[in-house]
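Open the model in your viewer and keep the selection panel at hand. The tour goes from one residue to the DNA, then to a pocket.

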Amino acid sequence: MTAKPPPPPPTTSTLSHHHHHHHTLTSTTSLKLFTTTGKPSPIKSAGNSSASVTTTEATTIQRRNSSDESLLNLLRQRKTEDAWLLYTQSSHLPNPTCLSRLICQLSYQNTPSALTRAQSIVQRLRHERQLHRLDANSLGLLAVAAAKSGDTLYASSILKSMLRSGYLPHVKAWSAVVSRLAASGDDGPKEAVKLFRSVTRTIRRFPDPAMVVNSRPDTAAYNAVLNACANLGWTEKFRQLFDEMPESKCEPDILTYNVMIKLCARIERKDLLVFVLERILEKEIPLCMTTLQSLVASYVGFGDLEAAERIVQAMREGRKDLCKILRESSSDEIPNENENEVFEKLLPNVNYPSDYEPPLLTKVFHPNTRMYTTLMKGYMKSGRITDTVRMLEAMRTQGDSASRPDHVTYTTVVSALVNVGAMDKARQVLTEMIRAGVQPNRVTYNILLKGYCQQLQLDRARDALKEMADSGIEPDAVSYNTLIDGCILVDDSAGALVFFNEMRAKGIAPTKISYTTLMKAFSVSGQPKLANDVFDEMEKDPRVKVDLVAWNMLIEGYSRLGMLDPAKEMVERMKKKGVYPM
DNA sequence: TTAGGGTTAG
């Protein structure tokens, strides 16, 4: 947590430009600080500065030094709140140590307000071209805090600007951001892969290995980027990165293989799932429950409930020959040739002879709540509502504490009932869960909101929103997006706007779905001008990126009314921005 | 939150 001076920048030709630039800035800026006249000072270093300054300047320096000293004291005592107040009370820019420590402590608090404060310091420094005053440690922590709060755009922009300036973030910092990006929607996974590449490229440019020792990717970092590849279905990229792990002295671990299971599911290669399990056992990597969980989830995703049930049943019976059971459930679909080559490298065991005796689990695993809930989701998705409810009953009465229904289980049942329009029964389950001592959460209520909206019962939806607040559950963007969409269903664009404004008034950040849904409300009600206004707001909001859906909604608003000229104009504007219609 | 059971658009 201590503030360190910026790491020595790399010396390769590409980055040396930044290097010199960077250094010039550092020395001149410390001079500027000590200058009150605004004229360039002849002083060359802080060391001999006091000799050549005037008396007034010396007094100013003293005042500033003492202010920095009080700030540093507060920071040392971890009085972050007081430190922040002191910072805001003075127009003087604190020294690099204080600024970095303040950013570190604010980032470490992991609260929205602390993050906003840290960001405001960065914004000020950026504006005053003093960003280099912050060390790599504080910027890295800020990036992690931003990523954790869901602001992955901000987090990756901080990291990118660090890399541009020759700063190398700690592996824990940059990999945390890669991990968040990988799991976030939109372009997140692509950005994760890009970020991973920029970091490793920058690392390679440093001639001295000692300088990059804390920034090199570890297995966790690889797992994060592999997860991004899995989410994208980028098999070849996955293999490349997987292949370079040994060169980077990283061993694949159980998570790496769990991510591989996800990749197989994503690219619809059900036939490969069993080979991943066999490979894990063959490499004697300790198996964990989540691997089996991932397998069941994958089969459920494929709609192969029989295979999922077979695993669960085998586990209930305490069997260890899961591989054998899964081999029996493998279908004989013909896989893609190119993909096969890739997987022969990832999973050499796909080519083992057919009389190969698959390995046994080294330990017995029992199905838990999560696994049963996954199976339940399968029933829900295939419309087997009776089985969903029956499963809940079985879990309640079974008496096994590791598989008792929890809030997600009940929420799944609520969701299943909402999906078939059985709102009264969904309500009953909500009551039942509360009686059983399981508290519904925001997701449970969001599903209920969705149900009332779908039933065009907006008043009931509003009541549910109140009920939510009364139980101490704050609505989020999803709650409001659902309600805005509900207003569209009853042709109430004014109501949609009211919800949108209510959301912003509550400090809930609109997502791009909020913007596009509100645009849709105005578009379908024949108010393209208003849709246009929302679009402009969206462009101004740094938290969201205008995407193709937003452009389409904008264009559609005009086309719907036969206003082809403005529609064409929008298409041109869109092309100029580098977005192309599909 | 190094993955992982439940929710929102088009």
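A residue counts as buried when its relative accessible area is under 20%, computed on protein chains only. Keep in mind that this model is predicted.

**Stop 1: Thr412.** Select helix H21, residues 407-419, and find Thr412 in it. Is Thr412 buried or exposed? Its relative accessibility is 11%, so Thr412 is buried. Now show its side chain: it reaches the backbone oxygen of Val408 at 2.7 Å. Next, add Thr373, Met376, Lys377 and Met380. These are the contacts of Thr412 beyond its neighbours within four places in sequence.

**Stop 2: DNA strand B.** Stay on Thr412 and turn on the DNA. A polar side-chain atom of Thr412 lies 3.5 Å from a sugar or linking oxygen of DNA strand B. Select Thr411: an N or O atom of its side chain is 3.3 Å from a base nitrogen of that strand. For Asp406, the distance from a side-chain N or O atom to a base nitrogen of strand B is 2.7 Å. Then widen the selection to the 39 residues around strand B, where Arg180, Thr290, Lys377, Asn441 and Lys520 come nearest. By class, this surface has ten nonpolar, 21 polar and eight charged residues.

**Stop 3: the largest pocket.** This pocket holds about 1600 Å³ of space. To centre on it, select Gly150, Asp151, Thr152, Arg543 and Val544, the closest to its centre of 44 lining residues. Colour helix H8 (152-164) among the contributing elements. H8 gives the most to the lining, with five residues. Finally, colour the lining by class: 18 nonpolar, 14 polar and twelve charged residues.

Notes
Residues are numbered from 1 along each chain as its sequence is written. Chains are lettered from A and ligands numbered from 1 in the order in which they are written. This is a predicted model: local features need pLDDT of at least 70, side-chain atom pairs count only at pLDDT 80 or more; totals for chains, interfaces and linings use all residues. Side-chain values use heavy atoms; hydrogens and water are left out. Helices (H or I, at least four residues) and strands (E, at least two) are DSSP runs, numbered from the N terminus. Buried means under 20% relative accessible area, exposed over 50%, partly exposed in between (1.4 Å probe, protein chains only). A polar contact is a pair of N or O atoms within 3.5 Å; within protein, one must be able to donate a hydrogen and the other to accept it, and residues adjacent in sequence count only if both atoms are side-chain atoms. Contact means heavy atoms within 4.5 Å. On a 1 Å grid over the protein atoms alone, a cavity is a set of points where a 1.4 Å probe fits but cannot get out, and a pocket is an open set with protein on both sides within 12 Å along at least five of seven lines; lining residues have an atom within 4 Å of a point. Grid points are joined across faces, edges and corners, and a volume is the space filled by probe spheres set on the points. Ala, Val, Leu, Ile, Met, Phe, Trp, Tyr, Cys and Pro count as nonpolar, Asp, Glu, Lys and Arg as charged, and the others, Gly among them, as polar. A residue is near a molecule or strand if one of its heavy atoms lies within 4 Å of it.
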